[in-house]
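Welcome! Take a moment to look over the sequence and the model, and then let us walk through them together.

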Amino acid sequence: MSSSASIIRASTIGGGIGGVVATFALTLMSGGPVQFRLIAGALAGLLIMQLVFWFMTQPINKHWLQEVELTAPTKRFFATEGRDEPALPPTQEWTVVRNRWELSHVLRAALAMLSLILLTTAIAIQGA
């Protein structure tokens, strides 16, 4: 569990920050106003995707990992110690948490696809 949690942590932080930084650099190097808007839209999509992760997905990951024995760095990343949201009745908890977790992944996937399409379009019009 600790090695997979470390991989998740590295890909979440490294992949998220790396993509945002690279897209920001592209906005600074854009060739024209249309290309700038497309790349800026992609950057906005990536930033919103990060917000969805940290405010929708991460709290649920924290909730689900409270009963799992984690290493110290993994505990810090998932912030499993400390306050938690009030508990829902057991019959409602599973479906509410699962639906929110699934929605967060659908939103993140849609935002990533939108960002990819906008970046691809910006690159395509550069060569035209």
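## A word before we start

Two residues are in contact, or touch, when they have heavy atoms within 4.5 Å of each other. With that in mind, Asn-61 touches Phe-53, Phe-78 and Trp-101, leaving out residues up to four places away in sequence. Please keep in mind that this is a predicted model.

## The overall picture

The protein chain holds four helices and zero strands. Read from the N terminus on, its elements run α-α-α-α. Of the 128 residues in the chain, 28% are buried.

What share of the contacts between residues at least 6 apart in sequence joins residues at least 24 apart? The share is 67%. As for the outside, the chain exposes about 8200 Å², and carbon and sulfur atoms supply 70% of that area.

## Helix H2

Much of this tour follows helix H2, which covers residues 33–64. H2 has 32 residues, and from its first C-alpha to its last it reaches 45 Å, close to the 46 Å expected at 1.5 Å a residue.

Where does H2 bend? The bend, of about 35°, is at Thr-57, and a proline, Pro-59, follows within four residues.

## The largest nonpolar core

Which residues make up the largest nonpolar core? There are seven in all: Val-20, Leu-43, Leu-46, Met-49, Val-52, Met-56 and Leu-111. Helix H2 gives the most to this core, with five residues. A second, separate core has six residues, including Leu-38, Leu-118, Leu-119 and Ala-122.

When you look along H2, a general point is handy: an α-helix has 3.6 residues a turn, so residues three or four places apart point the same way.

## Three core residues of H2

Let us visit some members of the largest core one by one. Leu-43 touches Val-20, Thr-23, Phe-24 and Thr-27, not counting residues up to four places away in sequence. Leu-46, found in helix H2, has a relative accessible area of 14% and is therefore buried, since buried means under 20%. Leaving aside neighbours within four places in sequence, Leu-46 is in contact with Gly-19, Val-20, Thr-23 and Ser-115. The C-alpha atoms of Leu-46 and Met-113 are separated by 9.7 Å, although these residues are 67 apart along the chain.

Val-52 is also placed in helix H2. Is Val-52 buried or exposed? Val-52 is buried, because its relative accessible area is 11%. Beyond its neighbours within four places in sequence, Val-52 is in contact with Thr-57, Ser-104, Leu-107, Arg-108 and Leu-111. One of these, Arg-108, is 56 residues from Val-52 in sequence, while the two are 6.8 Å apart in space, C-alpha to C-alpha.

## Phe-53 and Gln-58

Phe-53 lies in helix H2 and is buried, with a relative accessible area of 5%. Its C-alpha atom and that of Gly-16 are separated by 9.9 Å, and the two residues are 37 apart along the chain.

Gln-58 has its place in helix H2 as well. Why does Gln-58 count as buried? Gln-58 counts as buried because its relative accessibility is 6%, and the cut-off for buried is under 20%. Not counting residues up to four places away in sequence, Gln-58 touches Phe-53, Phe-77 and Phe-78. From Gln-58 to Trp-101 there are 43 residues in sequence, with 8.9 Å in space between the C-alpha atoms.

## Back to Asn-61

We can now return to the residue that opened this tour. Asn-61 is in helix H2, and it is buried, with a relative accessible area of 16%.

Which residue shares a side-chain polar contact of 3.3 Å with Asn-61? That partner is Trp-101, and the contact joins the two side chains. Trp-101 is also among the residues that Asn-61 touches, along with Phe-53 and Phe-78.

Notes: Residues are numbered from 1 along each chain as its sequence is written. This is a predicted model: local features need pLDDT of at least 70, side-chain atom pairs count only at pLDDT 80 or more; totals for chains, interfaces and linings use all residues. Side-chain values use heavy atoms; hydrogens and water are left out. A nonpolar core is a set of buried Ala, Val, Leu, Ile, Met, Phe, Trp, Tyr and Cys residues joined through side-chain atoms within 4.5 Å. Buried means under 20% relative accessible area, exposed over 50%, partly exposed in between (1.4 Å probe, protein chains only). Helices (H or I, at least four residues) and strands (E, at least two) are DSSP runs, numbered from the N terminus. A polar contact is a pair of N or O atoms within 3.5 Å; within protein, one must be able to donate a hydrogen and the other to accept it, and residues adjacent in sequence count only if both atoms are side-chain atoms. Accessible areas come from the Shrake-Rupley method with a 1.4 Å probe; for residues, only the protein chains shown count as cover. The expected span of a helix is 1.5 Å times one less than its number of residues. The bend at a residue is the angle between axes fitted to the seven residues ending there and the seven starting there.
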